Amino acid sequence: MELIAPAGNLAALKAAVLAGADAVYLGLKNATNARNFAGLNFTEADIAQGVAFARQHGRQVLFAINTFAQPGRAQEWRAAVDAACRLGADALILADPGVLAYARQRYPQQRLHLSVQGSATHADAIELMREQFGIQRVVLPRVLTVTDIARLIEKTTVEVEVFGFGSLCVMAEGRCLLSSFATGDSPNNRGVCSPAHAVRWQPRDGQMEARLNGLLIDRYAPDEPAGYPTLCKGRFMVEGRRDHALEEPTSLNALSLLPRLAAIGVRAIKIEGRQRSPAYVAQVVATLRAALDAAQAAPARYQPQPDWQHTLARHAEGSQTTQGAFDRPWK
Amino acid sequence: MSVATFGAVVPPALLSPPLCAVLELARLGRWLQPPAELEGRSVALTLTDLGLRHGLCCRDGRFRPHGVADAELSLSASLADVLLLLAGQVDADTLFFQRRLAIAGDTELGLVVKNWLDAQERPAWLTRLAARWSPM
């Protein structure tokens, strides 16, 4: 299985390549990708250097252009496709069918991946995207069990990529509009779910308040672990009880499932976190690289090492790591 | 006098120049070049374990001392964690999740500072030196 690493800047791209990623995914500095954060992402000059660096090391660069084109602004998304192809993308990670159609018609030879934001969760949807747009790979939404994924792989010729580590959200992937109720911005229209301009952390009475456009979404005791300031992870008063109304901040960790995922035919494991630093990228990629190598060398004897789990737990958002939907006991 | 109360008796105005001098050295050494987005912006940095507060701003592409009280952004962490951040050895979000880094004021400016620090490539000698500090 390939290891796909996030990069929010050139330093993170180099860290990912040196730590053993097979491919790095990145975004341009605009709303065409789902991590449109202040000061993050690549200028075209950085990308040229990054692509050259990856090529020197025999690795690939994937371009995430995975938000949905807004009415009247489709040209921005087409321009992003043009830029990615001009800069030497090994694949484009797309979600919007209109953008997929443009990329396929204009660049017939370009490799296309259907983004997790494209929200294709069953073989019929994936095969339709292959027939219509010639996608070569699908990144599966984080809502399927390993059994679901195994069945799906049997019914499609499209390569399957799944997430192996990183922050989770409520996973209305590709269509989450929750934060727009508070801020007017969402992943779909601006590439960001809690835009920094709307976020405030304020100390009050010995606690830290998190506010989104003035709305109180959480309050942390002094040593309580914090999460990203999103509505879905906030704590609210519901029926007289203050708790996570939708979801507790949680990170996915599929380390123990790697041999199973390989055995059912998963082709690539993706790490979340283009907003994270080169230090995170280096440590998480190195850990997953060691685990994947061990799983490939001797799958039957594979056991996640305690120091791998320790490294991943250190970087996890929230107070726990889970296997997410991969292993839902109640399903 | 304990170390943590040191800052209580030393005015920030006397503490900011040394911090700026360190950042200016880093700038002249070409591993911390301030981006255009930081021009005219101000930050207060509190070293929680030492009880010290520094104010600085970026003007004409250089780091300069600035008042703590009217800084647009306030960052707080221990000296060891600040050094790890400056050396690129630790992830700011990880420190935030673990409550080792606090941020108040203009969050977007905080993100610009974070992403600027993340994007800088440090010289090899600094990476080697920093690897000897407590790794996390």
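1. **What a contact is, and the two chains.** Two residues are in contact if their C-beta atoms, placed from the backbone, lie within 7 Å. Keep that in mind as you look at this predicted model, because with that cut-off 26 residues of chain B are in contact with 29 residues of chain A. On the chain B side, the elements that give two or more residues are helix H4 (92-97), strand S5 (102-105) and helix H5 (107-119). If you want one place to start looking, try H5(B), which gives the most to that side, with eight residues. The residues of chain B that touch chain A divide into 12 nonpolar, seven polar and seven charged.

2. **Chain A as a whole.** Let us turn to chain A, whose secondary structure comes to 11 helices and 15 strands. Its radius of gyration is 19 Å, close to the 20 Å that the globule rule gives for 331 residues, so chain A is as compact as a globular protein of that length. Along the principal axes, the C-alpha atoms of chain A fill a box of roughly 60 × 55 × 40 Å. Of the 331 residues in chain A, 51% count as buried. It is also worth seeing how the chain folds back on itself: among contacts in chain A between residues at least 6 apart in sequence, 64% join residues at least 24 apart.

3. **Two domains in chain A.** The domain assignment splits chain A into domain 1 (2-168 + 250-327) and domain 2 (180-244). Notice that domain 1 is written as two stretches of sequence. The C-alpha centres of domain 1 and domain 2 of chain A lie 27 Å apart. Where they meet, 15 residues of domain 1 are in contact with 10 residues of domain 2. By class, the domain 1 side of this meeting place has five nonpolar, eight polar and two charged residues.

4. **The nonpolar core.** The largest nonpolar core has 136 residues, and those with the most contacts inside it are Ala16(A), Val24(A), Ile65(A), Leu92(A) and Val285(A). Helix H10 (residues 278-297) of chain A gives the most to this core, with 10 residues. Where does the core lie with respect to domain 1 and domain 2 of chain A? Both domains give residues to the core, so it lies between them. For a close look, pick Ala16(A): leaving aside residues up to four places away in sequence, Ala16(A) touches Ala5(A), Ala7(A), Ala21(A), Val24(A), Val281(A) and Val285(A).

5. **Four annotated cysteines.** The UniProt annotation "binding site", from an unreviewed entry, covers Cys169(A), Cys176(A), Cys193(A) and Cys232(A). These four are spread over 64 residues of sequence, yet they cluster in space, with a largest C-alpha distance of 10.4 Å. Please treat the label with some care, as it comes from an unreviewed record.

6. **Two of those cysteines up close.** Is Cys193(A) buried or exposed? Cys193(A) has 24 C-beta neighbours inside 10 Å, and a residue with 20 or more is buried, so Cys193(A) counts as buried. You will find Cys193(A) in the loop between helix H8 (187-190) and strand S8 (199-204) of chain A. Beyond its sequence neighbours up to four places away, Cys193(A) touches Cys176(A), Ser179(A), Ser186(A), Pro187(A) and Thr230(A). Cys232(A) lies in the loop between strand S10 (215-220) and strand S11 (235-238) of chain A. With 22 C-beta neighbours inside 10 Å, Cys232(A) counts as buried too. Counted in the way just described, Cys232(A) touches Cys169(A), Val170(A), Leu178(A), Leu246(A) and Glu247(A).

7. **His197(A).** The loop between H8 and S8 of chain A also holds His197(A). With 16 C-beta neighbours inside 10 Å, His197(A) counts as partly exposed. The C-alpha atoms of His197(A) and Arg242(A), 45 residues apart along the chain, are separated by 26 Å.

8. **Chain B on its own.** Chain B has six helices and five strands, following the pattern α-α-β-β-β-β-α-α-β-α-α along the sequence. Buried residues make up 40% of its 136 residues. An unreviewed UniProt entry places the annotation "domain: SCP2" on residues 37-118 of chain B. That span is 32% helix and 33% strand, and its end C-alpha atoms lie 15 Å apart.

Notes. Residues are numbered from 1 along each chain as its sequence is written. Chains are lettered from A and ligands numbered from 1 in the order in which they are written. This is a predicted model: local features need pLDDT of at least 70, side-chain atom pairs count only at pLDDT 80 or more; totals for chains, interfaces and linings use all residues. A nonpolar core is a set of buried Ala, Val, Leu, Ile, Met, Phe, Trp, Tyr and Cys residues joined through C-beta atoms within 7 Å. A residue is buried if 20 or more other C-beta atoms lie within 10 Å of its own, exposed if 12 or fewer, and partly exposed in between; C-beta atoms are placed from the backbone. Helices (H or I, at least four residues) and strands (E, at least two) are DSSP runs, numbered from the N terminus. Domain bounds come from an automatic or database domain assignment. UniProt positions are given in the numbering used here, feature names are shortened, and annotations may be inferred rather than shown by experiment. Ala, Val, Leu, Ile, Met, Phe, Trp, Tyr, Cys and Pro count as nonpolar, Asp, Glu, Lys and Arg as charged, and the others, Gly among them, as polar. The radius of gyration is taken over C-alpha atoms; the globule rule is 2.2 Å times the number of residues to the power 0.38.
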